[in-house]
Amino acid sequence: MSTTNTNSGTPVPVFEVLDATYRYRDVTALDHLNLTVQAGRRLALLGANGSGKSTLLRILDGLCFPDEGTVRFCGKLLTEESIQNDGFGVDFRRRVGLVFQNPDAQLFSPTVFDEVAFGPLQLRWPPDQVRRKIAETLEMMEITHLKDRSPHHLSMGEKKRVALASVLVLDPEILLLDEPTAALDPRSASHMINFLVRAKGGDRTVVTTTHDLDIIEDIADDCLVFHEGRVEATGTPAQILGDAPLLKTSGLLHSHLHVHKSGEIHTHSHLHRHEH
Amino acid sequence: MHIPDGYLSPSTCAALYGAAAPFWYVALRKTRKLLLTRLVPLISVFAAFSFVIMMFNIPIPGGTTAHPLGAGIASIVLGPWASILTLSTALFIQAFFFGDGGITALGANCFNMAIVGSLVAWLVYRVVAGRSAITSSRRVVAAALGGYLAINGAALCAAIELGIQPHFFKSASGAPLYAPYPLNIAVPAIMIGHLTFAGLAELVVTGGIVAYLQRANPSLLRLTAPGVPLPQEETQQATMTGWRVARPLWTAVGLLMVLAPLGLLAAGKAWGEWSVHDFADPAARQQMAAASRNVAPPAAAPSGLERLSDIWTAPFPDYLPPFMRSAAFGYILSAIFGVGTIILLTLLASWIALKVRPGLDHAPASTKES
Amino acid sequence: MPAKRSGTRGFLERSTSSFVDAMEHAFYAEQTARADGLLQRVDPRVKLVGILALVAAAAASRSFAVIAGLLAIAIALAALSHVSFRVLVNRVWVAVLLFTGVIALPAPFVTPGLVIWHLPLLGWDVTEQGLASAGYLVLRVETAATLCVLLVLTTPWNHVLKALRVLRVPAVLVTILGMTYRYLFLVLQSAHDMFESRRSRMIGELTGRERRRVAAASAGVLMSKTFDLSNEVYLAMESRGYRGDISVLDEFQIRNFDWVMLGAFALVSIAAFWLGR
Ligand SMILES: Nc1ncnc2c1ncn2[C@@H]1O[C@H](COP(=O)(O)OP(=O)(O)O)[C@@H](O)[C@H]1O
Ligand SMILES: [Mg+2]
C-alpha cells in the first residue's frame, strides 16, 4: 500500500544501505555494511553487545549519518540535509518509528500521557485527534491505568510498553525496535512478544535487533547476523538457528560450566528454547 | 545562599526579577541559536545534574563538609548562557518543589547564583586558563579559582540584597520588616562563611571535576576552551549575531541603570516612613524635598534613608557640597557604579569571547564527540 | 541526635541521605496530590495564581495580625486538603525555625531602638524594634513556606508546570522544567547507587585529599553520564518529529467551583494587602 514503486514496476526497498561505515572517534561501529530491507518484511538483526546494532538502527532512523557509503529510504537519499528539508523530514518521521533500547532515554516526559502525546503534538495533529489516538493506543498496550504516572516509577516491562506505545501512536509504516525484550523478566518478555506480534498488523515493515535467540522465530521472517560492524550471515530464522558454529563465532551462543545432578561438571553450548 | 521568602521586600524581589529577566531572555535566545533542537534535552538533563550536585557533601580541608553550588562547572562545560538557564531551572525546581529558596525571592536567587555565578566563573576561567591546552593543569587552577570567585560573587550579591533591607524597609516604630541586619553586619556574616567553607567546597568541586574530565572525557571541556579558529566569514557572522542578540540586554541594562535607583528610592519612600498621602500634602512634600537634600533637621528625615546616608556618605569628605553627601545621591552613585561594573564585566566577557575563541557556535556535544 | 559522622563514610552517608530525603519528599508529594481534598479539586492555574497572591500578600504586609491570619488560613487549607499537621510541623515549621530562627536570634540585641529589657548576667539590651523585627522575619518566613508547600503537596508537579502557562511562561521553558524533574530522579538514583557502592567498597579511612578526589570524581562520572543521557534523549525526541518548536496540550477546564475559589483567593489576598499596608 505504502510501498513506492518505480516506473518500471519493481518494488523499491524501504531501506537500502550501501557500503556504510560509521565511526565513534576511534571505534568503528559499522564497517562497510550492506543491507536491504524490503517492504512488509520482518527482519531480525542478531548480534552480540557492541556489534553495532543500535548504531545501524539510528542510521536507518535518520538520526546519525554514515561517514562513508549511502542510505536510501524508499529510493531517496537519506542525508542530514534531506532530513532537514521540511517536506521529506516530516514525512519520514511520520512513517518511520524507532523504539530505543534504553527506555529511560526515550521516556522524557513528565507523565505517560504526555509521553504518548509527544509525537502526535510534534506532527501538529489536531488536539481532538491526539486525545482519541492516545486513548486507543493506551488501551491497546494495556497501560491506560498508568496514564498519569511518571515514567520514573514504572517497572522495566511497563517502561518498554510505554516506549512502544509512544511510537505506535503515530502508526508508523516502518517500525524499528532496539532490543525490545532485553532486561525483561521472562513473563514481561513474552508479554512484549505478544504485543509485537499484534503490532505487526497489516503490512508493516519491522526491523528488530536482539541477541535473544528465543524470540526470533516469533518476530522475524528474515535474519541477519551481525559481528563487529559487518554482516556475517543472512537467512531464515530456522537456517540461522541451525548454524551453531556461526552463532558461536558471532557471540550469540555461549558455553559455560554446568553442574549436573550427578555432580559432574562440564562445558556445553547452550541454546534456550521455550516450549509453546 | 538560597534566600527564602520573607527575607527580601516585595520591591527588592521585583527589582531582581527585573534584573534577571533580560539575562534570561538573552540566554534563551543565544542558546537556542547555539544548540538548536539540542537545547531542551541538554538544559533539562544538565539542570537535573546541577540539582543533584548541590546535594553532594564535599569534604573540605579541616574535616567538615559543605554543599557546592555547581555554577562554576556548569559555566565551564556549557558556557555562561546555557549555564544561566540550567542553574535557573534547577533553582526553580528547588524553590517550587522542594521549598529550598523562596518563590518571591527566586529572581534574586537566580540573579545571584545563576547569573552572577555563571558569568564570574566563566570570565575568571577564560582569563586564567588563557590558551593553555585542554589537559593542562592551568585549567584546573583556573576552574578552581573560577568556582571560588563565582560562589563568593553570588554570596556578596546576596549579602548586599539582604543588607540593604533594614535601611529601606521598616515598620512605623522603626523595626526592620525583612532581613534585620544592616550591610555592616550582613556582608561580613555571609562572606566569612563563603570565603572559607562554601568557597572551598566550590573550589574542590570545580577544580576536581575539571581534573577528572581532563583524564576521562576531555571533549566536554572543548566548548569554553580555545579551539581551531574558524574561517573568517563565520567569525564575522558570530560577531554580528552576538551583537544583535545582545542588543536587548544592553537596552535593558541601560534602562535598569536609569530606573533602578529611582525605583528603589521610590520603593524606599513607599515602604519607608512616607505614605502615599504624603505626596499630596504640600507640607510633607516640602519635608521630603528637604530631607533628600539633607537640609531639614535629622528628626524629619526618613530613618532608613538617613541610616543609609551614613554608609554612603562615609567615603565622601565633609567639605563636599551637601547634596553630594545626601543618601539619595550616594545611592544613585552606587547604583551607577554597580551597573557600570556589570556592563564592564559583560563587555570584557564578550571581548574575550571573540578574542579567545572566535566562534562559540558549536553544540557542546554532538553525538559523535561525546 | 548522634553527633555528625565525620570521615570517609560520613560524607558519603550524608550525601546519600540527602538524596533519599529528596526522593521521599517527592514520594510524599505525589501521594498527597492524589488525595481527595479541597485544594486538590481546584484547577491548578487558579491554585497557582491564588497561592502566589497569598505569598505576595504575606511578603508585603507590615502587620503581624495579617501575616498571622494568612498563616491561619494556610493551616486551615492544609487541614481541608489532607496535608497532615505532623508533616507541616516537621517538614516546614521546625526546618524554618532551625534556619531562620537561628538567624533571627541576635536581631533583638543588635537592632537599635527602645530598650525594653536587660538580659541578666550578660547585660545585653533587648530592643522593642529588634524583637519585632525577629518576629516579622520568622512569622513571614513560616507563612510563606507553609503556603508554598501547600501548592506542591496538593498538585501533581506536571500540573504545576502546565499552570505556569497562565503566567505566560514560554512552552519551551515549561518543557525544560518538566524534563528536568523527570530526569532529576534518574540522576538522583544514579548518584545514590554510585555512592552506595563506593561506600560498601570503602574499607579503610581515606585521607582528606583522597576523599576530595573521590567526591570530585563521582561528580565527574555523573556529569559524563548526564551528557550521554542528554544526547540519547535528544535523538529520541528528534526521532519522534521534534524540530525545535514545542507544542503542548493545555487540558485544564475552569469549572464554577474554580471561579469560587479564585474569588476567595482574590478576596483574601486583596484584604490582606489592604489591611497589612
Ligand atoms: N556514543 C558512543 N560513543 C562512543 N562509542 C560508542 C557510542 N555508542 C556506541 N559506541 C561503540 O560502538 C560500538 C557499537 O555499539 P552499538 O551500536 O551500541 O552496539 P549494540 O547495539 O550492538 O550493542 C560499540 O563498540 C560501542 O562501544
Ligand atoms: Mg544496542
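## A partly exposed arginine, a metal site and an interface

B:R138 counts as partly exposed, at 42% relative accessibility, in a model that is predicted. This arginine of chain B has its place in helix 6, which spans residues 137–168 of that chain. Leaving aside the neighbours within four places in sequence, B:R138 is in contact with B:V127, B:V128, B:A129, B:G130 and B:S132. With one of these residues there is also a polar approach, since a polar atom of the side chain of B:R138 lies 2.8 Å from the backbone oxygen of B:V128. B:Y125 stands 13 residues from B:R138 along the chain, and the C-alpha atoms of the two are separated by 9.8 Å.

A second site to look at is in chain A, where the magnesium ion (ligand 2) is coordinated by the OG atom of A:S54 and the OE1 atom of A:Q101, at 2.0 to 2.2 Å. These two residues link distant parts of the chain, being 47 residues apart: A:S54 belongs to helix 1 (residues 53–60) of chain A, while A:Q101 sits in the loop between strand 6 (96–99) and helix 4 (103–106) of chain A. A:Q101 has a relative accessible area of 32% and is therefore partly exposed, because that class lies between the limits of 20% and 50%.

The two partly exposed residues can be set side by side.

| Residue | Relative accessible area | Element |
|---|---|---|
| B:R138 | 42% | helix 6 (residues 137–168) of chain B |
| A:Q101 | 32% | loop between strand 6 (96–99) and helix 4 (103–106) of chain A |

The last topic is the interface of chain C and chain A. The contact takes 28 residues from chain C and 37 residues from chain A, and the two chains bury about 3,000 Å² between them, with 55% of it on carbon and sulfur atoms. On the side of chain C, the residues that lose the most area to chain A are C:R182, C:R240 and C:L249, which together account for 28% of what that side buries. C:R182 also meets A:D104 in a salt bridge between their side chains, at 3.1 Å from N to O; the count between chain C and chain A is four salt bridges. Across this interface, twelve residue pairs are in polar contact, both residues being at pLDDT 80 or more.

The elements that give two or more residues to the side of chain C that touches chain A are helix 8 (157–163), helix 9 (171–201) and helix 10 (208–239) of chain C. Helix 10 of chain C supplies the largest share of that side, eight residues. By class, the side of chain C that touches chain A holds twelve nonpolar, six polar and ten charged residues.

Methods. Residues are numbered from 1 along each chain as its sequence is written. Chains are lettered from A and ligands numbered from 1 in the order in which they are written. This is a predicted model: local features need pLDDT of at least 70, side-chain atom pairs count only at pLDDT 80 or more; totals for chains, interfaces and linings use all residues. Side-chain values use heavy atoms; hydrogens and water are left out. Contact means heavy atoms within 4.5 Å. Buried area is the accessible area (1.4 Å probe) that two parts lose on being put together, summed over both. A polar contact is a pair of N or O atoms within 3.5 Å; within protein, one must be able to donate a hydrogen and the other to accept it, and residues adjacent in sequence count only if both atoms are side-chain atoms. Helices (H or I, at least four residues) and strands (E, at least two) are DSSP runs, numbered from the N terminus. Ala, Val, Leu, Ile, Met, Phe, Trp, Tyr, Cys and Pro count as nonpolar, Asp, Glu, Lys and Arg as charged, and the others, Gly among them, as polar. Donors are N, O and S atoms within 2.8 Å of the metal (3.2 Å for Na, K and Ca); water is not among the atoms, so sites may look incomplete. Buried means under 20% relative accessible area, exposed over 50%, partly exposed in between (1.4 Å probe, protein chains only).
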